[in-house]
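Subject: Structure for you to look at

Hello,

Here is the structure I promised to pass on. Please open it first, then read my notes below beside it.

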Amino acid sequence: MPNIFKRIVNKKSKYNFIDDIEEHDFIKLLKYDKRTDKIAESAMKDLIIPFPNFEETNFSKKHNWNAENEKYGKSYQLYIHSLRFVSSLLLQYEKKDDIKYLKKAEEFIESWIKFMNSKPKNEMIWYDHPVANRVQNIIHFLYLAKGKLNINEEKYYKVLRQHGEFLMDDSHYNFNNHALMMDRSLMILGNILRDYDLFSTGYRRSIETFWYSFSSRGSHLENSPDYHRMVLLMYIEIEKYLKKHDQSFGETINHYMELAMQFLPIISRPDKRMPALGDSGNSALGRVKKYKKFSDDELGLTIIQREQPKTFYASFISGYSSITHKHRDDLSLTLYYAGDDILVDSGKFNYGKDIRRRYMMSPQAHSTLFFPNDDYKLDKENRFTRKVKTSKYFESNSYTLVKGENNSFEHSSLSRTLIALEKYPVVILLDEVQSSNNETVYQNFNLSPKSQIDYYERDSAVIKTKSGKTVTFTQLGTIVEKFDIEPSQTEPVQSIITSGYGKAVETKQLRFEAAIDHNEKYAFKTIINMDDSLNVQIKEVTDNGILVSVNSEEIFINI
């Protein structure tokens, strides 16, 4: 039996457990920050803010545990039943040492228990994320309440046992960030309730989830930088908790966590914000930015960047090992140059059934290739089949090349080779399409909302960035049949990106169209030139390479 259980002593009743809870025996769900005061003070007025910046719901007449908000989808109920706002009340009590905050927390917890015992039809009462986080909040409350409030220990023991039984059930367990929340709470419960089976199940599963969730390069595989940060912080926090009880995840996992800490400074944007890839926002990194190229085929993400002479940043997505938080964004890119966004990602919008959420996850919301009448499905088996993959990555002194393939369509396949020149702000795209059907394919570019379209024709377009720089999109060859500007609209949803949780802003898209020609290898050969002083030409394209000329300097690129 591990050292974490040295504290176990024989007692007359199993229900006498609260007096033994010490601060090092649990992990607080939240830390006090600038948002805590507002959420706590609102809760004192029975105005519940489930998550920072969410709209409030009024609990003054009746504690409405079924409260919903269309703007936030399922997330609204999820955070209500996590009792996240109760955590803010507990932190406010610790800060101000005023018993009214603790009593208010008790009122909400007792109300929730009564609601739960009424067996209502509500899917978020017994769902992995809220169950796991609710455990932490209830135990935090019991620790603060001992000796101050008259607590029915038997009732709370049974409530926690009920939570433990749910968390132990493997049928509720999926290898994702919610799973780690469950394991964290099981370890805490095992310690608090003196139950080795609870603790050991959480400990064992959290190790299994680690190896499932991180790539060999230390990248979290849920397709979103925000979740890399969240999950890594959870593992670091749990490791600190274990060490307080003479336990550890071990040397190997700790080394991988050190490797994982290098991920965000590398893949973050030059403005030190998270790239809005997958279900990520554009939150601040708060750490030093590292200009280093990165490619992880397990994650399906490549970052090409440099700081000098002017900042250049490109992301490219192709492949995945998990469908969690994954968009149909394969073969998509983003571009940033000299302080300006040029091509941007869609962001997540929210987690509900809103049609804007569905749009944000679609290929049409990304700078990628797509068919108007065919789409591909995300498949968790792609971890093994690699039907969608990053198939090539190469760096030289003259250029960086990355190639992605999407072979998950029933009758078609797509591939994109992205080439970024080292000395010049120039990106070249070579897009291949194969199909057994007569198909039209679109090449889509999702522009920054701060850009303006200056000029366009069938095979080229010129945009002006926020700071007035010129960016030219030029199509080579004769296969391009049509060019469109796709303005923002709501019926159907088109050309919007996320500006915040449940918020969207209008943008425009450039969209080139081609019919598949089996006599042509490439449906699109595209030059994106971010400096109008450069004369860029592709002089020759063969099966082995392309010859590029920039202001008369010739560069041969092996493809």
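**A covered helix**

Helix α2, residues 74–81, is mostly covered: 7 of its 8 residues are buried. Keep in mind that this is a predicted model.

Which residues of α2 are the buried ones? They are Ser-75, Tyr-76, Gln-77, Leu-78, Tyr-79, Ile-80 and His-81. Buried here means that under 20% of the relative accessible area is left.

What covers them? The cover includes two strands, β1 (47–48) and β2 (57–58). It also includes three helices: α3 (84–96), α4 (99–117) and α5 (128–145). Look just past the helix as well. Leu-83 follows α2, and its phi is positive, near 60 degrees.

**The whole chain**

Now zoom out. The protein chain has 13 helices and 26 strands. Its radius of gyration is 27 Å, and the globule rule gives 24 Å for 559 residues. Those values are close, so the chain is as compact as a globular protein of that length. Along the principal axes, the C-alpha atoms fill a box of roughly 85 × 50 × 45 Å.

Burial goes beyond α2: 57% of the 559 residues count as buried. Contacts also reach along the sequence. Take those between residues at least 6 apart; 63% of them join residues at least 24 apart.

The surface exposed by the chain is about 24000 Å², and carbon and sulfur atoms supply 45% of it. As for charge, there are 78 positive and 77 negative charges. Their mean positions lie 5 Å apart.

**Strands to trace**

Strands of a sheet pair through backbone hydrogen bonds, either parallel or antiparallel. Two places are good to follow on screen.

Begin with an open sheet of 4 strands. Its order is β8-β13-β22-β17, and the pairing is antiparallel. Which strands form the edges? They are β8 (369–370) and β17 (480–486), and each pairs on one side only. Strand β8 is joined to β13 (residues 440–446) by 2 bridges. There, Leu-369 of β8 stands opposite Gln-443 of β13.

Then go to β9 (residues 388–395) and β10 (residues 399–406). They pair in the antiparallel sense over 7 bridges. How many residues does the hairpin between β9 and β10 run through? It joins them through 3 residues. Glu-395 stands opposite Thr-400 in β10.

Over to you.

Best wishes

Methods:
Residues numbered from 1 in each chain as written. Predicted model: local features only at pLDDT ≥ 70, side-chain atom pairs only at ≥ 80, totals over all residues. Heavy atoms only, no water. Rg over C-alpha atoms; globule rule 2.2 N^0.38 Å. Buried < 20%, exposed > 50% of the residue type's maximum accessible area, 1.4 Å probe, protein only. Contact = heavy atoms within 4.5 Å. Areas by Shrake-Rupley, 256 points an atom, 1.4 Å probe, with all protein chains shown as cover. Lys, Arg positive; Asp, Glu negative; His and termini not counted. Charge placed at Lys NZ, Arg CZ, Asp CG, Glu CD. Pairing = 2+ DSSP bridges.
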